[in-house]
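Here is a short tour for anyone who likes to know a fold before setting up a calculation. Keep the viewer open and follow along.

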Amino acid sequence: MKQTFRNYLKTLSGAEKQQTAQHLFLGIPFYGYDDRNAIIGNQFLSILRENEVEIRFLEKEREHEVQYTDKNNKHHLVFYPSLRFLEDRITLAKKLKCGVGIWELGQGLDYFMDLLFSVCCNKHSIRHVSNTR
């Protein structure tokens with residue numbers, strides 16, 4: 001992801017680069033996946049509470065992977081945003097001077113909004129984009 005942004009911005013001149021970056025959004029999900037099924041915060045917490053899980057950090061992808069076997073002996077692979085995942089992406093957006101687009105705002109864990117406001121927002125940088133579905 002970081003390399004994709006950098007490769008794109010490298011094709012632009014200095015002035016174009018700065019102007020273009022201001023119009024880009026780095027998408028950050030506030031939801032995850034249990035195998036191929038989308039899950040939200042309370043579902044993720046249930047998985048952690050109800051199963052014996054193995055958690056590992058994937059260095060290249062900069063995200064956590066959770067594995068567990070359910071009561072029907074089915075193996076699951078879960079990806080859900082963690083504090084480190086969110087901090088890495090917000091830091092990258094600040095470094096690239098691009099915007100942040102949150103997918104499924106309000107569906108994450110309680111601390112997601114606290115992190116979002118403490119790391120990247122002040123009263124002058126908050127922009128609201130409404131969903132027009």
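What pattern does the protein follow, read along the sequence?

## The overall plan

The pattern is α-α-β-β-β-α-β-β-β-α-β-α, and the coordinates come from a predicted model. In total, the secondary structure comprises five helices and seven strands.

Two overall figures help to set the scene. Of the 133 residues of the protein, 33% count as buried. Among contacts with a separation of 6 or more, residues 24 or more positions apart account for 60%.

## The sheet

Let us turn to the strands. Five of them form an open sheet in the order β3-β2-β6-β5-β4, and the pairing is antiparallel. The edges are taken by β3 (37-39) and β4; each has a single partner strand, so one side of each is left without a neighbour in the sheet. From one strand to the next, the twist averages 25°.

At one of these edges, β2 (residues 32-34) and β3 pair through three bridges in the antiparallel sense. Within this pairing, D34 has N37 in β3 as its bridge partner.

## Strand β5 and its two hairpins

Strand β5 covers residues 63-69 and is mostly covered itself, with five of its seven residues buried. Six bridges link β5 to β4 (residues 53-58) in the antiparallel sense, and one pair to look up is R56 with its bridge partner E65 in β5. The hairpin of β4 and β5 has four residues between the strands, and R62 there takes a positive phi near 60°.

How many bridges join β5 to β6? There are five, and β6 (residues 75-79) runs antiparallel to β5. Here V66 stands opposite V78 in β6. The β5 and β6 hairpin has five residues between its strands, and N73 in the turn has a positive phi of about 65°.

## Helix α3 on the sheet

Helix α3 packs on the sheet and touches β2, β3, β4, β5 and β6, while its direction makes about 95° with that of β3. Which residues of α3 are buried? They include G41, F44 and I47. Seen down the helix axis, the buried residues of α3 fall within an arc of 120°, so they line one face of the helix. These buried residues pack against β2, β3, β4, β5 and β6. On the other side of α3, R49 and E50 are exposed.

The loop between α3 and β4 is where N51 sits. A polar atom of the N51 side chain lies 3.0 Å from the backbone oxygen of I47. Setting aside neighbours within four places in sequence, N51 is in contact with S46, Y68, T69 and D70.

## Two nonpolar cores

The largest nonpolar core has 15 residues, and those with the most contacts inside it are I28, I39, F44, V78, Y80, L86 and F112. At least two residues of this core come from each of α3 (41-50), β5, α4 (83-96) and α5 (111-120). Helix α4 gives the largest share, three residues. A second, separate core has eight residues, among them L12, A21, L26 and L92.

Y80, listed among the residues with the most contacts inside the largest core, is a good one to select in the viewer. Not counting residues up to four places away in sequence, Y80 touches F30, Y31, G32, I39, I40, G41, F44, H64, Q107, G108, L109 and F112.

## A21, a member of the second core

Is A21 buried or exposed? A21 has a relative accessible area of 4%, and the cut-off for buried is under 20%, so A21 counts as buried. A21 lies in helix α2 (residues 14-21) and is one of the residues of the second core.

Leaving aside neighbours within four places in sequence, A21 is in contact with L9, L96, K97, C98 and G99. In the case of L9, the partner is twelve residues apart from A21 along the chain, and their C-alpha atoms are separated by 7.6 Å.

Key. Residues are numbered from 1 along each chain as its sequence is written. This is a predicted model: local features need pLDDT of at least 70, side-chain atom pairs count only at pLDDT 80 or more; totals for chains, interfaces and linings use all residues. Side-chain values use heavy atoms; hydrogens and water are left out. Buried means under 20% relative accessible area, exposed over 50%, partly exposed in between (1.4 Å probe, protein chains only). Two strands pair if DSSP finds at least two bridges between them. A nonpolar core is a set of buried Ala, Val, Leu, Ile, Met, Phe, Trp, Tyr and Cys residues joined through side-chain atoms within 4.5 Å. Contact means heavy atoms within 4.5 Å. A polar contact is a pair of N or O atoms within 3.5 Å; within protein, one must be able to donate a hydrogen and the other to accept it, and residues adjacent in sequence count only if both atoms are side-chain atoms. Axes are lines fitted to C-alpha atoms, for helices over the stretch in contact, and angles run from 0 to 180 degrees between N-to-C directions. The arc is that of the directions from the helix axis to the C-beta atoms.
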